[in-house]
Amino acid sequence: MPSPLHDTLNELFRDRPSLAVELIRELDDVDLPEGLPVQLGDNNLNDRPSKDGGLK
């Protein structure tokens, strides 16, 4: 089961995908151009066992 921190971080980036670009610029000091297209990808890649049967 994902932790509350994991869920919170996922929600932050889902609500504001451009946050990833901002963090890369600020924390890693990477010079990225303005206006980069940012989109959410499919988040169905789950390799953890889950209550609904998941991987067997």
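A polar contact is here a pair of N or O atoms within 3.5 Å, of which, within protein, one must be able to donate a hydrogen and the other to accept it. That cut-off matters for arginine 25 in this predicted model, where a polar atom of the arginine 25 side chain lies 2.6 Å from the backbone oxygen of proline 33.

To place this pair in its setting, one may begin with the chain as a whole, which has two helices and zero strands. Of its 56 residues, 5% are buried, and the accessible surface comes to about 5,300 Å², with 55% of that area belonging to carbon and sulfur atoms.

Arginine 25 belongs to helix H2, which spans residues 18-27, and it is buried there, as are Leu19 and Val21. Viewed down the axis of H2, these buried residues fall within an arc of 160°, and they therefore line one face of the helix. Helix H1, residues 4-15, is included in what covers the buried residues of H2.

The chain beyond H2 also has a part in the surroundings of arginine 25. Just after the helix, aspartate 29 takes a positive phi of about 50°. When neighbours within four places in sequence are left aside, the residues in contact with arginine 25 are Val30, Leu32, Pro33 and Glu34. Proline 33 thus appears in this list of contacts and also supplies the backbone oxygen that lies 2.6 Å from the polar side-chain atom of arginine 25.

Technical notes: Residues numbered from 1 in each chain as written. Predicted model: local features only at pLDDT ≥ 70, side-chain atom pairs only at ≥ 80, totals over all residues. Heavy atoms only, no water. Helix = DSSP H or I, 4+ residues; strand = E, 2+ residues; numbered from the N terminus. Buried < 20%, exposed > 50% of the residue type's maximum accessible area, 1.4 Å probe, protein only. Areas by Shrake-Rupley, 256 points an atom, 1.4 Å probe, with all protein chains shown as cover. Contact = heavy atoms within 4.5 Å. Arc of directions from axis to C-beta.
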